[in-house]
Amino acid sequence: MFKEDSIIGVVGSGAMGSGIAQVAATAGHPTIIYDTNTAALDKAKANLSNSLNKLVEKQKITADKAADILALTTYSSSIQDFKSCDLIIEAIVENIDVKQSVFKELESITSDTCVLASNTSSLSITSIASACNNPEKVIGIHFFNPATLMPLVEIIPGVATDMVIANHCQALINSWGKVTVMAKDTPGFIVNRVARPFYSEALRIYDEQLADMATIDWAMKEFGCFKMGPFELMDLIGHDVNYVVTETVWKQFYYDPRFKPSLTQKRLLEAKFLGKKSGRGFYDYREGTSLPEPTRDEALAKYIVNRVLCMLINEASDTKYLGIASATDIDLAMTKGVNYPKGLLKWADEIGVAQVLSTLNDLYEEYQEDRYRACIVLKQMVKQGKSFY
Ligand SMILES: NC(=O)c1ccc[n+]([C@@H]2O[C@H](COP(=O)([O-])OP(=O)(O)OC[C@H]3O[C@@H](n4cnc5c(N)ncnc54)[C@H](O)[C@@H]3O)[C@@H](O)[C@H]2O)c1
């Protein structure tokens with residue numbers, strides 16, 4: 001279906017669109033980037049040159065390769081230039097009405113065989129596709145930020161998507177050197193769903209004043225082997241993005257208490273303490289300030305890691321149980337999409353599924369909150385003496 005010289009269109013030249021276009025052109029495809037904002041196009045053009053120059057300086061690519069990538073990339077402020085595209089990946093504002101109207105227009109100007117993909121993080125692919133006459137050629141192709149560096153791409157067929165097209169898309173993105181996983185069209189897909197407890201359970205522990213944020217971050221790094229702690233990561237992502245994803249996933253799951261956001265994080269957003277980019281978030285990054293020291297209490301740290309980890313495993317178990325993705329894809333997604341030190345289901349096998357279930361049951365017993373209900377699959381596995389792998 002796709003060939004080495006298939007023409008790739010990218011709608012939106014912001015953070016994600018410009019990265020996706022660079023990946024496509026690097027793979028040798030003629031690539032067209034379209035944006036309604038010409039200043040954004042100019043910025044993307046300058047960024048691509050800078051990024052390629054750096055890669056040449058670091059000897060990651062040759063000067064000839066950089067010249068090829070530049071020659072393959074064109075910029076346009078007219079959607080009509082997408083007429084001969086074979087695949088178009090949309091990466092514009094996260095708004096269902098705007099996306100639906102763009103997909104409608106894309107379908108009207110492209111050939112019947114052109115595949116239309118969305119890079120949406122939180123909207124339903126099925127709903128975007130419903131704006132088209134041929135929803136079977138609409139799919140989710142979800143890159144992670146920065147698209148040039150993060151290996152993971154989630155492939156999300158909507159309810160009406162033709163699985164032959166989905167398989168071709170997966171093969172194409174694999175050929176671009178990415179690691180792909182297939183996920184059902186459900187809120188947050190794999191990564192943005194399974195990762196929620198990393199933030200929310202840490203916030204809950206903090207809100208309950210069981211530990212301060214520096215201690216929780218230290219515990220998750222020192223004993224959980226995560227590259228960053230939850231609070232420093234939320235500050236890096238920005239609360240305008242991280243809080244909004246949490247709230248969107250919670251609402252889309254019909255307000256399931258498992259996904260309930262934290263008021264503490266909402267207040268930070270309201271105060272415009274967005275994190276590192278605004279100088280203040282959970283931590284204060286302004287000049288002259290220093291970061292707080294953790295309380296190096298090993299027993300407390302182990303309690304924190306075990307509690308957050310078991311909640312993450314519970315979410316990963318539910319994602320497998322509901323057929324959203326396979327165990328292998330869930331583990332790949334969390335290691336390649338958000339750099340977790342281990343796949344969560346492999347981790348569950350190492351800890352012992354019975355041990356994970358016992359932690360969750362203890363939490364449920366203590367709090368009597370639906371948030372801590374254990375996934376049925378964990379109970380069944382313990383009864384049957386099974387493991388994930
Ligand atoms: N930023 C991330 O970390 C991230 C990660 C994965 C997925 N996403 C998703 O990718 C998409 C884009 O996110 P982003 O961070 O790159 O946004 P961004 O704000 O950096 O860029 C969006 C670009 O789209 C352009 N645009 C808006 N409406 C348009 C239209 N109707 N036609 C053409 N161009 C239009 C804007 O001018 C802007 O340049 C969103 O759906 C987002 O959920 C973002």
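This presentation describes a predicted model of a protein chain with a ligand, going from the domains to the ligand shell, one sheet region and several single residues.

Good morning. Two conventions come first. Residues are numbered from 1 along each chain as its sequence is written. Because the model is predicted, local features are taken at pLDDT of at least 70 and side-chain atom pairs at pLDDT 80 or more, while totals for chains, interfaces and linings use all residues.

Let us begin with the domains. The assignment, which comes from an automatic or database source, gives domain 1 as residues 8-182 and domain 2 as residues 193-384. Their C-alpha centres are 30 Å apart. Where they touch, 10 residues of domain 1 are in contact with nine residues of domain 2; contact here denotes C-beta atoms, placed from the backbone, within 7 Å. On the domain 1 side, β7 (152-157) and β8 (179-182) are the elements that give two or more residues. The largest share, three residues, comes from β8. I should add that helices (H or I, at least four residues) and strands (E, at least two) are DSSP runs, numbered from the N terminus. By class, this side of domain 1 has seven nonpolar, two polar and one charged residues. In that scheme, Ala, Val, Leu, Ile, Met, Phe, Trp, Tyr, Cys and Pro count as nonpolar, Asp, Glu, Lys and Arg as charged, and the others, Gly among them, as polar.

I turn to the ligand. How many residues surround the ligand? There are 23, and the closest are Gly12, Gly14, Met16, Ala40 and Asn145. A residue belongs to this shell if its C-beta atom, placed from the backbone, lies within 6 Å of the molecule. The elements that give two or more residues to the shell are α1 (15-26) and α4 (96-109), and α1 provides the largest share, with three residues. The shell divides into 11 nonpolar, 10 polar and two charged residues.

Asn145, one of the closest residues to the ligand, also takes part in a cis peptide bond with Pro146, with omega at about -5 degrees. Pro146 itself sits in the loop between β6 and β7.

The next topic is strand β5, residues 115-118. Are its faces covered or open? Both are covered: Val115 and Ala117 on one side, and Leu116 and Ser118 on the other, are all buried. Buried denotes 20 or more other C-beta atoms within 10 Å of a residue's own, exposed denotes 12 or fewer, and partly exposed lies in between, with C-beta atoms placed from the backbone. Strand β4 (residues 87-90) pairs with β5 in the parallel sense over four bridges; for pairing, DSSP must find at least two bridges between the strands. The chain passes from β4 through α4 to β5 in a right-handed β-α-β crossover. Right-handed denotes that, with the strands pointing away from the viewer, the path from the first strand over the helix to the second runs clockwise. Strand β6 (residues 138-143) also runs parallel to β5, and three bridges join them. Ser118 has a partner in both: Glu90 stands opposite Ser118, and in β6 the bridge partner of Ser118 is Gly140.

We now consider helices. Why is α9 described as largely enclosed by the rest of the structure? The reason is that seven of its 10 residues are buried, namely Met213, Thr215, Ile216, Asp217, Trp218, Ala219 and Met220. The cover over these buried residues includes α8 (196-207), α10 and α13 (298-321).

In helix α12 (residues 263-270) lies Gln265, which counts as buried because it has 24 C-beta neighbours inside 10 Å. Beyond its neighbours within four places in sequence, Gln265 is in contact with Leu203, His239 and Tyr243. Its C-alpha atom is 9.6 Å from that of Ser200, although the two residues are 65 places apart along the chain.

Finally, three loop residues. Cys225, in the loop between α9 (213-222) and α10 (230-237), has a positive phi near 65 degrees while being a residue other than glycine. Cys225 counts as exposed because it has 11 C-beta neighbours inside 10 Å. Asn339, in the loop between α14 (327-337) and α15 (344-351), likewise has a positive phi, near 60 degrees. With 15 other C-beta atoms within 10 Å, Asn339 is partly exposed. Gly352 is placed in the loop between α15 and α16 (353-367) and, with 12 C-beta neighbours inside 10 Å, counts as exposed. Gly352 and Ser387 are 35 residues apart in sequence, and their C-alpha atoms are 7.9 Å apart in space.

Thank you for your attention.

Terms used. Two residues are in contact if their C-beta atoms, placed from the backbone, lie within 7 Å.
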